[in-house]
Amino acid sequence: MDTNLARLQTITSPEQDRFADSLLNGLRKTSKEIACKYFYDEAGSRLFDAICDLPEYYQTRTEMTLLARHAVEIAALMGDGAEIVEFGAGSLRKIRVLLDAAQNPRAYTPLDISGDYLRNVVRSLAADYPALTLRPLVGDFTLPLEIPALPGPVRRAGFFPGSTIGNFKPDAAMALLRRMRSTLNGGGLLIGVDLVKDPARLHAAYNDAAGITALFNKNLLIRANRELGADFDPEGFAHYAPYNAAAHRIEMYLVSLKRQSVNLCGQRFEFAQGEPVHTEDSHKYTIESFREMAARAGFSPRAVWTDQDRLFSVHWLESR
Ligand SMILES: C[S@@+](CC[C@H](N)C(=O)[O-])C[C@H]1O[C@@H](n2cnc3c(N)ncnc32)[C@H](O)[C@@H]1O
């Protein structure tokens, strides 16, 4: 076992019960919905990694390029001896670019809801960075977060890449930023934010030719079948992800292809032919609209980096 790697610690209560409650509540609504955080079991996390490698999904490679290009400047902003806390850490690919430039990081604390997946990916990071203290945490950042403190006064620096902030409606996004600010105890936050752009480009990114995003979307149903004994027919639903230009967001749905009923936790749910189940939003911002929101959440927006085509942005926000 790697000595630099702390045992995986769960900081919110077990996920499975809440998946059942959340799914039952969401399917009882007049407009049915499933919370997007449930995409991420181990299979969902792997499918998301496959999405990141798709030619249409410009977000990951653009953000990686920005991080690599500005890593030294970012490391200076994060400061010497900081604990880097990553929210929704996923594959841990992006942090490597920052760790290579970081100034004596005191520890790296990746937090993710997808515990089995985090357990695996953190092992290879620990092997590649043997001098780094790693404290993997399983938890839900939409709930109040108590990240165990390291001994001594340690400055925290947050990292929230992948435009995961876009999965929240603007009010909820602001509330999440406020919560992160308090978790960071006065430390800054490095955050990746996808930008408004040609709707055709956005549409292609969520409707890839290989159909991986469709598999990712349907994984919700497969997960409900496996974990909760539901009997969804994944082939009975279609992936549908239009861009709502007025709301600046991609909206993702599973649309029932036929009239069907599904059993879940002893209850029966009816789906009409053509009925949508809302599964995710992905809000897009302008640089200015995101900085305004960050300011309302109590941050002072400082540096911002973007690519030549203004596809994606990375922001450094100071706590105030
Ligand atoms: C869009 S992916 C981004 C992954 C990675 N950070 C990247 O930039 O490629 C969202 C990540 O956040 C995690 N996640 C989603 N909702 C979460 C929540 N409520 N609490 C903690 N992690 C969450 C998912 O498991 C997933 O790893």
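## Aromatic contacts in a predicted model

Phe39, Tyr40, Phe48, Tyr57, Tyr206 and Phe216 make up one aromatic cluster. The model is predicted, and a search of the whole structure yields 16 aromatic pairs.

**Exercise 1.** Classify the geometry of the pair Phe141 and Phe168, and determine whether each ring is buried or exposed.

*Solution.* The ring centres of Phe141 and Phe168 are 6.2 Å apart, and the planes meet at 50 degrees. Pairing requires centres within 6.5 Å, and an angle that is neither under 30 nor over 60 degrees counts as tilted; the pair is therefore tilted. Phe141 belongs to the loop between strands S4 and S5, Phe168 to the loop between S5 and helix H7, with 27 residues separating them. Phe141 has a relative accessible area of 14% and is buried. Phe168, at 17%, is likewise buried, because the cut-off is under 20%.

**Exercise 2.** Classify the pair Phe237 and Phe271, and locate both residues in the chain.

*Solution.* The centres of Phe237 and Phe271 lie 5.3 Å apart, with 90 degrees between the planes. An angle over 60 degrees counts as edge-to-face, so this pair is edge-to-face. Phe237 is in strand S7 (residues 237–240) and Phe271 in strand S11 (residues 267–271), 34 residues apart. Phe237 is buried at 1% relative accessibility, and Phe271 is buried at 1%.

**Exercise 3.** Identify which charged residues lie over the rings of Phe271 and Phe19.

*Solution.* Over the face of Phe271 lies Lys32, 4.9 Å from the ring centre. For Phe19, the charged end of Arg223 sits over the ring at 4.7 Å from its centre.

Key. Residues are numbered from 1 along each chain as its sequence is written. This is a predicted model: local features need pLDDT of at least 70, side-chain atom pairs count only at pLDDT 80 or more; totals for chains, interfaces and linings use all residues. Side-chain values use heavy atoms; hydrogens and water are left out. Rings of Phe, Tyr and Trp (its six-membered ring) pair if their centres lie within 6.5 Å; planes under 30 degrees apart count as stacked, over 60 as edge-to-face and the rest as tilted. Helices (H or I, at least four residues) and strands (E, at least two) are DSSP runs, numbered from the N terminus. Buried means under 20% relative accessible area, exposed over 50%, partly exposed in between (1.4 Å probe, protein chains only). A charge sits over a ring if NZ of Lys or CZ of Arg is within 6 Å of the ring centre and within 35 degrees of the ring normal.
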